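Hi,

Here is the structure I said I would pass on. Have a look through it, and my notes come straight after.

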Amino acid sequence: MDKRTKFTLDENEIPTQWYNILADMPKPMPPILHPGTGKPVGPDDLAPLFPMELIKQEVSTEQWIDIPDQVRDIYRLWRPTTLFRAHRLEKALDTPAKIFYKYEGTSPPGSHKPNTAVAQAYYSKMEGVKRITTETGAGQWGSALSFGGACFGLEIKVYMVRISYDQKPYRRVMMETWGAKCVPSPSPDTKAGRDMLAKDPDCPGSLGLAISEAVEEAVSRDDTHYALGSVLNHVLLHQTVNGLEAKKLMEKAGVYPDIIVGCIGGGSNFAGLFLPFVKDKIDGTKPDLRIINVEPASCPTVTRGPYAYDFGDSAMLTPLIKMYTLGHGFIPPPVHAGGLRYHGMAPIICHLHDLGLVEARAEHQLATFEAGVTFARAEGIISAPETNHCIKVAIDEALKCKESGEAKTILIAHSGHGHVDMAAYDAYFSDKLKDYEYPEEKIKEALAELPKMSAE
Ligand SMILES: *Cc1c(COP(=O)(O)O)cnc(C)c1O
């Protein structure tokens with residue numbers, strides 16, 4: 001039996017270009033619209049928020065976009081990341097399936113997020129900006145951008161969703177260690193935050209609200225940009241560095257996946273992994289490839305939401321994006337997978353789902369932790385609560401193979417470790433973790449507030 005467990009690339013094999021799926025989409029994406037005019041947004045609308053280079057990347061249809069040398073040099077600190085064959089998990093499940101995972105947990109902040117954080121900090125620095133504001137859920141993105149800011153000497157201010165700020169104090173300390181400032185959202189620092197605090201002083205916060213706060217501050221200051229850790233096309237573009245490595249490594253392992261699974265909050269880690277593979281499905285070379293997006297049952301955006309125009313944030317400051325959405329006012333239940341608590345989804349993933357090229361599934365919190373513990377006991381790695389969602393589905397698919405006797409190849413997008421999420425594991429082991437049912441009433445209310453054009 002082939003016992004090879006790690007498949008690696010040399011540092012000089014870090015990709016030199018990101019892959020842009022917009023060049024290969026079978027149908028063009030719906031445009032992003034200005035909420036005032038209902039017309040597609042132009043570069044000038046976005047210039048107060050983002051560096052011009054990122055605005056260009058957002059709409060570019062070039063198939064390949066160069067990774068700047070200075071960004072690639074920082075990638076050297078942890079890239080290329082390793083592809084693992086999960087021999088021990090296969091054995092524990094007694095499955096004929098071949099399970100692989102591409103592990104992003106070895107980056108300094110412990111997830112895939114610095115792949116884009118470093119790039120975004122670089123482009124802001126190049127355009128003379130001094131500060132960047134952002135939001136963070138579980139604290140992964142805030143810590144990644146804080147690390148990116150430290151790489152280029154930028155001041156970073158992070159609005160952290162209140163519930164996670166309280167549940168995960170160590171992420172805040174990581175941000176401070178990298179020199180950033182972190183405040184809980186809703187905060188008294190912005191109008192969006194003050195309005196919410198007046199309505200509900202105990203508001204647990206949401207990613208949508210934290211985005212509103214960070215955007216409001218960036219728009220009000222000339223020296224400040226805003227950075228988004230997921231959802232947008234340029235973020236998914238930067239994450240393809242991981243998928244390109246994965247594709248080379250699967251070749252090295254002599255396999256091609258039958259099934260790729262990943263967890264989706266805003267969609268960036270999973271799309272970063274699967275986009276170079278979905279290309280093979282689009283061009284007809286791998287028509288049977290299955291790509292499964294996994295989300296929490298308590299925030300079931302793609303599995304239950306309508307495909308409609310909505311705001312990216314709860315204060316309705318962002319442009320309108322066509323995506324599956326639970327409504328910009330929806331505040332998801334406080335599951336530990338903070339990075340998956342977002343009302344919308346990356347338009348690229350939504351478009352691919354609409355075209356039938358990818359599928360989606362929703363999982364309950366308790367079952368995902370059970371899967372994460374099975375994974376940890378077999379493979380050693382203690383995974384982020386977000387990642388546990390796709391591990392659950394990978395295990396289910398491997399068990400189906402056991403029944404059918406098929407030796408399918410399953411590739412997991414392993415987005416990060418859970419070392420800063422041990423309170424969540426503690427809650428699981430002490431039976432304090434609970435499942436949240438589909439929040440039907442709250443979602444109905446939030447969907448009633450969708451902007452008008454979505455009805456057209
Ligand atoms: C942020 C995060 C996610 C969810 O974000 P995506 O943009 O959907 O990738 C998933 N896993 C981990 C470990 C994260 O930190």
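Below is what I found, starting with the ligand and then moving to the salt bridges.

A bit of housekeeping before that. This is a predicted model, so to speak of local features we need pLDDT of at least 70, side-chain atom pairs count only at pLDDT 80 or more, and totals for chains, interfaces and linings use all residues. Residues are numbered from 1 along each chain as its sequence is written, and side-chain values use heavy atoms, with hydrogens and water left out.

On to the ligand. It is surrounded by 18 residues (a residue is near if one of its heavy atoms lies within 4 Å), and the closest are K113, S230, G265, S268 and S415. By class, that shell has 4 nonpolar, 12 polar and 2 charged residues; here Ala, Val, Leu, Ile, Met, Phe, Trp, Tyr, Cys and Pro count as nonpolar, Asp, Glu, Lys and Arg as charged, and the others, Gly among them, as polar.

Three side chains have N or O atoms close to ligand oxygens: K113 at 2.6 Å, S268 at 2.7 Å and N269 at 2.7 Å. On its own the ligand has 380 Å² of accessible area (Shrake-Rupley, 1.4 Å probe), and the protein covers 98% of that.

Now the salt bridges (a side-chain nitrogen of Lys or Arg within 4 Å of a carboxyl oxygen of Asp or Glu). The structure holds 26 of them. One of these joins E90 and R85, with N to O at 2.7 Å, and both of those residues are buried (under 20% relative accessible area, 1.4 Å probe, protein chains only).

Another pairs K102 with E104, where the closest N and O atoms are 4.0 Å apart. Why does K102 count as buried? Because its relative accessibility is 0%. E104 is buried too, with a relative accessible area of 1%. K168 and D421 also form a salt bridge, their closest N and O atoms being 2.7 Å apart.

That's everything from my side. Shout if anything is unclear.

Cheers

How values were computed. Polar contact = N/O pair within 3.5 Å; in protein donor to acceptor, adjacent residues only side chain to side chain. Buried < 20%, exposed > 50% of the residue type's maximum accessible area, 1.4 Å probe, protein only.
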